Every structure is written in structure tokens, then in C-alpha cells.
Amino acid sequence: MTAVLSERLQEVRGQFPALSRMGPQDLPVVYADAPGGTQVPNGVVDAIRNYLVENNSNIEGEFAATRETDALIRRARELAGVFVGGHSNEIAFGQNMTTLNFNLSRALGRTLRPGDEIVVTQLDHDANVAPWLLLAADLDLVIRTVRVTAELDVDLDHLHALIGPRTRVVAATLASNAVGTTPRARLISDLAHEQGALAWFDAVAFAPHLRIDVKNLGCDVLLCSPYKFFGPHLGLAWIRRELAETLPAERVRPAAEYPPGHRFETGTLSHEGIAGFCAAVEYIASLGSGAALSNQLDDAYERIAGHEGDLSRGFLDGIAKVQGVTLLGRPGTEGRVCTFGLRLHDADPAAVARALDARGIFAWNGSFYAQGVMEALGLSVDKGILRLGYVHYATLVEIERSIAALDDILRGGC
Ligand SMILES: Cc1ncc(COP(=O)(O)O)c(C=O)c1O
């Protein structure tokens, strides 16, 4: 079967009610804001509503709604296990990626000694940097920061130089939320493991675009956020089983110890969010075909990558002709996702984002908590850059509209 998503794009888009929102001049809104969070299909909306209407309850009781909630959470762990290529027992849900990462890093911190070293990268969102900085301040750990290359990728030579026998964790992103770079994650985890360190990956900006497979990535911990991949506001962590079983998690005494991933969940989860998460995974799987869920997801992500490759080519060709803007990071489609960081020569990113909004184009300005990237670029965190990012439900027409609007604004048409 052919891996072409563009042929069924209208049907796909029809599943997302937000995509029919109209903007100025009776034109539909262009969602170039995807790296900040994606829109959700009807299946997700229905699942959240149905849970709240039909099954709303707490867990582990002796009546129907609570049993249904237990079953929902079990199913969500199964789906999440397949989604990341791991096992259901290794899954923890939480409020968002940041909160889970604070919980998990605190748990690991209870096993660390003064002088232990943590390697972070300049490419990362602060959610995979700040938890380590705070831990280091509390425990007298040493933080080493890997710089980025001119193309805004993790500098692997520098990483190699920084990792040593005292390194306990290498915390790195699978995709930059600011400029879209996708570092060579397997090399990073191999380098970490050669020194006996853990590979701790942030997959938040990767998951909407590319298939996660924790075995191929060779990592120990991986975190992502379903609201970035067509689901509700929720966080998701995969923790390699042995770690999930042994890390000294901070938890209330009566809470169950099994499944191991559950040890990192504190308090009552967003059950309606978890219902929406299941529907989001099913939605992605529905874009592909195959005998089992994992095959469907493999195929779906291949189709997503094919269509997003076309979108990226369209964007890169178009932006090269716009004056007054520099594309940051990778110039081609290789080694990147469909997220484009733009440095504006003279214009203010916030003013341009407002002018795009006036033309019905939603796009983000700022630094997106990617402080290291801004530092590497010599840009102020307050002012930052303009970011246009797309996911598979975008069309080439929307890319063209985005580029034409930006061109018009930068020529003085604010
Ligand atoms: C790459 C990346 N990592 C981490 C986060 C934080 O995720 P959350 O909002 O789920 O805490 C974000 C949010 O934008 C992100 O883009």
C-alpha cells in the first residue's frame, strides 16, 4: 500500500473541528502554531466527553464506573507501551512532561552523590535542563552543557569530550522545539552507555512527526506530551523497567507499587485526559495500516513523514525567497522536523506574530523555553524569534499562505 497521506488529507482534516475555524477575510485559520500544541480530532473530543458522562470515577473500587476507569487506565498503558515501543508496565502518566521530569529526576537524585555529573544540551527545552540544574544545586552535582553546532544540532564531538566516568545522565532532546533539528539520538545514547550513564530523552517535539521506538533509541527514560500529538493536555513517561522498579520514587504510603511506571504517578490522574490519549493513539494508528497496532503506527508515521517532507520542502523553497528573514538551523529537509525558527532582521517577532494573526495565521513568537538555543544565537530570551511549525494536517496551500503573508508583512504591509 502506498504511503501517501496527501491523497486523503481532506478526509483527515475533516476529523479536526478546529480546522474549520474561520479567520479574517472569510479564510480558514492556518495553524502554524503546532509546536506549541496540536489540534484534536473528533475521536479525542468524544472520548473525553464520553468518559466524563459515562465512566467518571476514581480508581480501584467495587462498582461499575470505577472498574471501567481501572480498565481505561490499563488500556492506556497498553497503548502507550506500543506507542513508544516499550512495555505497558514502564509507563507513567502525569500532568505534563515538565512535572514528570521533575518527579523522575528527583527520584534519580536520591541515588546520586556529590561530584556526580549530568550532561545537558544547549538544544534542549528547559524542561530537560532546569530539573537537572536544580538537582545539581541541591546535591552538589556537576552540570556540563553540550554546545550546538552552526546548524543548531547537538555537537557530538563536544558531547564526547564532556562525558566521563562520573557522568550519570545524558539529558537530550530528540527534536528541537525552537528550530526543528533532530539530533542523532542513537549515537547520544551509545556514548552515554559507554560511560555507564543513563540516556534521558525528551521526545515532546519529536512525537507528532516521527515514530518513537525506545529500543532503537537505546534510551533509559523518554518523556513526551500527548497534547503535542493530537491528544489532550497530559504528560507521558517511559521508564526502562529496571529503573521503574528501583528508583526511589516520592509517593504516598498507601499507593500501589505495581505496575512499576505507576510508582511515579502522584495522586489522581486526569482520567478524561487518559481517555483522550487513547483516542489520540487510535487516531494516529488510523492513518496507517497493518495487522497490529505497532504496524499501523509504523505505517502511519511513514505517511506522516512523507507528507511533512513535502510541506517542509514547500516551506524551505518559499522562505528562501523572502527578504528580511533568516531560517535558523538545518537548511534542508534532512535531520529536521516541520518546525521552522526564523530570525527577523529588523522586525519585532511579536509584532509579526500579531500581523500574521490579523491575516488568520496562528504562529508563535518568543524563545519557547529553549534558552540554550537563544544563547547560542546571541538572541535575547525576551525577544526571541518567530516560529512557524506544521503537522500532518497542514496543506501546501497553507504553507504558501504563510509564506506570502510573511513576505507581505516584512515588506511593510503590517
Ligand atoms: C521539546 C519540549 N520539551 C518539553 C516541553 C514541556 O512540555 P510540557 O508542556 O508537557 O511540560 C515542551 C513544551 O513545549 C517542548 O516543546
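This passage walks through the domains, the ligand shell and one helix pair of a predicted model. Residue numbers start from 1 along each chain, as its sequence is written. Local features need pLDDT of at least 70 and side-chain atom pairs count only at pLDDT 80 or more, while totals for chains, interfaces and linings use all residues.

The protein chain is assigned domain 1 (6-31 + 293-413) and domain 2 (45-284), with bounds from an automatic or database domain assignment. Their C-alpha centres sit 26 Å apart. Each side puts residues into the contact, 29 from domain 1 and 29 from domain 2 (contact means C-beta atoms, placed from the backbone, within 7 Å). On the domain 1 side, H11 (293-319), S10 (339-344) and H13 (371-377) each supply at least two residues; helices (H or I, at least four residues) and strands (E, at least two) are DSSP runs, numbered from the N terminus. H11 gives the largest share, 9 residues.

Turning to the ligand, the residues around it include Asn 96, His 125, Asp 202 and Gly 235, where near means a C-beta atom, placed from the backbone, within 6 Å.

Within the helix pair, the axes of H3 (residues 64-84) and H10 (residues 271-286) come within 9 Å and cross at roughly 40°; axes are lines fitted to C-alpha atoms, for helices over the stretch in contact, with angles from 0 to 180 degrees between N-to-C directions. H3 and H10 are therefore oblique, that is, not under 35 degrees (roughly parallel), over 145 (roughly antiparallel) or 65 to 115 (roughly perpendicular). Among the contact residues are Leu 72 and Phe 83 of H3 and Ile 274 and Val 281 of H10.

Methods:
Contact = placed C-beta atoms within 7 Å.
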